[in-house]
Every structure is written in structure tokens, then in C-alpha cells.
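These are my notebook entries on a single structure. I looked up surface features, helix packing, charged pairs, backbone angles and distances in turn.

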Amino acid sequence: MGISQYLKVIGRGKVGARDLPRDQAADLMGQVLDGVAGDLEVGAFCIAMRVKGETPEEMAGFLDAVHERLEMLPASGHPLVVLPSYNGARKLPVLTPLLALLLAREGVPVLVHGTATEDRRVSSQDVLAALGIEALQELDEIDNGQVAFAPTALLLPGLERLLEVRRALGLRNSAHSLVKLMDPLSPVAGDSLIVGSYTHPEYAESMAATIALTGADALLLRGTEGEPVADPRRTPQMDGFLSGRPLRLQEAQGGSLAVLPTLPKTTDVASTAQYTRAVLDGELPVPEPIARQVEHILHLVRKIAS
């Protein structure tokens, strides 16, 4: 029947729009991902959801549709840590690659996935390539202690197309939230820990509710400029989830900052890669908030594995 039936429900503005149940949200997103909906319908969907806002039920349904269509990534021998990296560097260097490599040094398999959503930002893919980690050309098992980068288009081309709508509309859409909670091991029911991040505090509650509905294993924090890595200057609140059940792992740091960490003065690829190498080689200290995040991720991974 197409998605027009759903647009009539969600497209009536902030006051008149109604929410979709999970199964209908899954059907709607499935048609968008499969290319059944035309460009005008997809644009209308993006704007309608932007105005109305997604409920946790709708997000869970959208994730159901995504997980049904993901290309199959083989499960690893150890719980896989998943770092969605879509925002890149703006005012601060992108330190998601540093987080990934610190985790891999502890023997954990790590998957970073993403795509450039803004041309002017330095991405994790750029920095990882400068560190000798090229993007995957095909999906394969990720070994313990290995970092791999998967472009979104390799995992699900329809999701990449939906992310690209931003370039036409100039606004983020539901896909930008979906990728932060997506589980690439869902098709094979493998063990994974999703490191989800939010920028605006109101998303903390809705993302937590979505994780609870889907029963995911996750770490949720206010990331650095939308990246899933703790701000190196101040430790944020961090919440863990095991099978959707929440547990507070870290309270947010309050008060004034006593000491600022040593960071690159610019956000370019070369400076960020050089800084990452210096931290990994012990020439510079790991910023305390990121060290705490590594500890909490390893704690959750051990819980998942036990």
C-alpha cells in the first residue's frame, strides 16, 4: 500500500500527529529502506518525523526493520564492541579511533561504522586510515584485539541512502538516531555491546527507553560532539544496559576543571593520528574520562561474556 497511509498519521504537525505502534513503524521503515517509497514520500517522512519526534516504540520498530535487512557480519569469539561514528570532528579532534584502539589493546574486537554526513568534518574513517586501518571491502569476522571500520553502505545500502537525504533537506532525520543504536550482529544473534551517544540531554531518556524495549546490551553517554567517546576534558554520566536493564556506571563530573588534558591544537587528520599514536605509545597520558569509559566498557563486556 506504500507509506502514504503512515504519512497521514505522522504528518499532521506537532499537535495533530499520532504515534505509530512498533509493527507499523517497522513496516514504514522497511519500505523506506527497500526503496519502495519515492523521493517525495521519503522527504515527507523525514520532515514529518522531525516535527513530531520519534517515540521509543517507533525507534524500536525502525530498528527491527534495519536489523532484518543488515548484511550478515559473522559473530566474533568475544563480545564485539560497536562504535557508531557519524559526526566527526568540529571543535575537538575525533577521538573515537583512540577509544577503539585502547579497547583493542585489551583484547576486545571492535567495529567502528559510519559514513560522512558533513563534508567539512574530519571523520573516524580518515583518522583510522592514517593509522593504517582501511575501511572493509567485505564483511568478515573481527578478531580479538582487532579494530575494523565498516562503511554504512556495506552494512545496509538503504540506510546509507536515508542518511544522504540530509544533503538535500539540510536536516537530520531518523536514520541519524538509528545508526547510534544499530546492532550489526543482530542477524546472527551474536554478543555485542553498542556504545550509543547523545548530544542533547532529552535524547538520553528516549534512547534509554529504546534500549530497554529492544533488550540490547549497551553503554550510553553524552558523547563528544555526537561521537561515542567521552569528552576528554570532563567525565560525563555513563549508563550501562544488560539485556535492556539499566545500571548507573558513572556520575557526571561536576565543578571546575582543575587540569586540562593535552590535546592537539587542530582537528586535522595528521594531528589527530599523531596524538593517537603518542597516547597509545605512552608518550602522552590517556585522558581520564576516556580511561574511565574504557574501564566501564570492559566491565560490561565481561558481564556479557560470563
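**Entry 1. Nonpolar surface patch.** I searched the predicted model for nonpolar side chains grouped on the surface. I found a patch formed by Ile 47, Val 51, Leu 169 and Leu 171. Together these four residues have about 270 Å² of accessible area. I then looked up one member, Ile 47, and placed it in helix H4, which covers residues 39–52. Ile 47 has a relative accessibility of 36%, so I recorded it as partly exposed.

**Entry 2. Helices H3 and H5.** I next examined how helix H3 (residues 22–33) and helix H5 (residues 56–69) are placed against each other. Their axes come within 7 Å and cross at roughly 45 degrees. I therefore entered H3 as oblique to H5. The handedness of this crossing of H3 and H5 is right-handed.

**Entry 3. Salt bridges between H5 and the segments before it.** How many salt bridges does a search of the whole structure find? The search returned 10. I recalled that side chains of opposite charge can pair when their charged atoms come close.

I took up the pair of Asp 64 and Arg 22, whose closest N and O atoms are 2.7 Å apart. This salt bridge links distant parts of the chain, since Asp 64 belongs to helix H5 and Arg 22 to helix H3, with their positions 42 residues apart. I checked the exposure of both partners. Asp 64 has a relative accessible area of 23% and is therefore partly exposed. Arg 22, at 25% relative accessibility, also counts as partly exposed.

I then turned to Arg 69 and Asp 34, whose side chains meet in a salt bridge with an N to O distance of 2.8 Å. Here too distant parts of the chain are linked: Arg 69 is in helix H5, Asp 34 is in the loop between H3 and H4, and they are 35 residues apart. The relative accessibility of Arg 69 is 25%, so I listed it as partly exposed. Asp 34 is likewise partly exposed, at 46%.

**Entry 4. A network of salt bridges.** Which residues are linked with Lys 52 and Glu 58 in a network of salt bridges? I found Asp 19 as the further member. Within this network, the side chains of Glu 58 and Lys 52 meet at 2.8 Å, N to O. Are these two partners buried or exposed? Glu 58 has a relative accessible area of 0% and is buried. Lys 52 is also buried, because its 10% falls under the 20% limit for that class.

**Entry 5. Positive phi angles.** I looked for residues other than glycine with a positive phi and noted Ala 189, with phi near 55 degrees. Ala 189 lies in the loop between helix H10 (174–178) and strand E4 (192–198). With a relative accessible area of 69%, Ala 189 is exposed.

I also noted Ser 243, a residue other than glycine whose phi is positive, near 50 degrees. Where does Ser 243 lie? I located it in the loop between strand E6 (238–242) and strand E7 (245–250). Its relative accessible area of 44% makes Ser 243 partly exposed.

**Entry 6. Distances from Ser 192.** I chose Ser 192, in strand E4, as a reference point. Ser 192 counts as buried at 5% relative accessibility. I looked up Leu 111, which is part of strand E2 (residues 110–114). Leu 111 is buried as well, with a relative accessibility of 1%. The C-alpha atoms of Leu 111 and Ser 192 are 9.9 Å apart in space, while 81 residues separate the two in sequence. I then took Gln 31, which is 161 residues from Ser 192 along the chain. The C-alpha atoms of that pair are separated by 27 Å.

**Entry 7. Helices H6 and H12.** I closed with the packing of helix H6 (residues 96–105) and helix H12 (residues 269–280). Their axes are 10 Å apart, and the angle between them is about 25 degrees. I therefore recorded H6 as roughly parallel to H12. H6 passes H12 in a crossing that is right-handed.

Definitions and conventions. Residues are numbered from 1 along each chain as its sequence is written. This is a predicted model: local features need pLDDT of at least 70, side-chain atom pairs count only at pLDDT 80 or more; totals for chains, interfaces and linings use all residues. Side-chain values use heavy atoms; hydrogens and water are left out. Patches are made of residues with over 30% relative accessible area and no salt bridge: like charges are joined within 9 Å, nonpolar side chains (Val, Leu, Ile, Met, Phe, Trp, Tyr) within 5 Å. Accessible areas come from the Shrake-Rupley method with a 1.4 Å probe; for residues, only the protein chains shown count as cover. Helices (H or I, at least four residues) and strands (E, at least two) are DSSP runs, numbered from the N terminus. Buried means under 20% relative accessible area, exposed over 50%, partly exposed in between (1.4 Å probe, protein chains only). Axes are lines fitted to C-alpha atoms, for helices over the stretch in contact, and angles run from 0 to 180 degrees between N-to-C directions. Angles under 35 degrees count as roughly parallel, over 145 as roughly antiparallel, 65 to 115 as roughly perpendicular and the rest as oblique. A crossing is left-handed if the near helix is turned anticlockwise from the far one by less than a right angle, and right-handed if clockwise.
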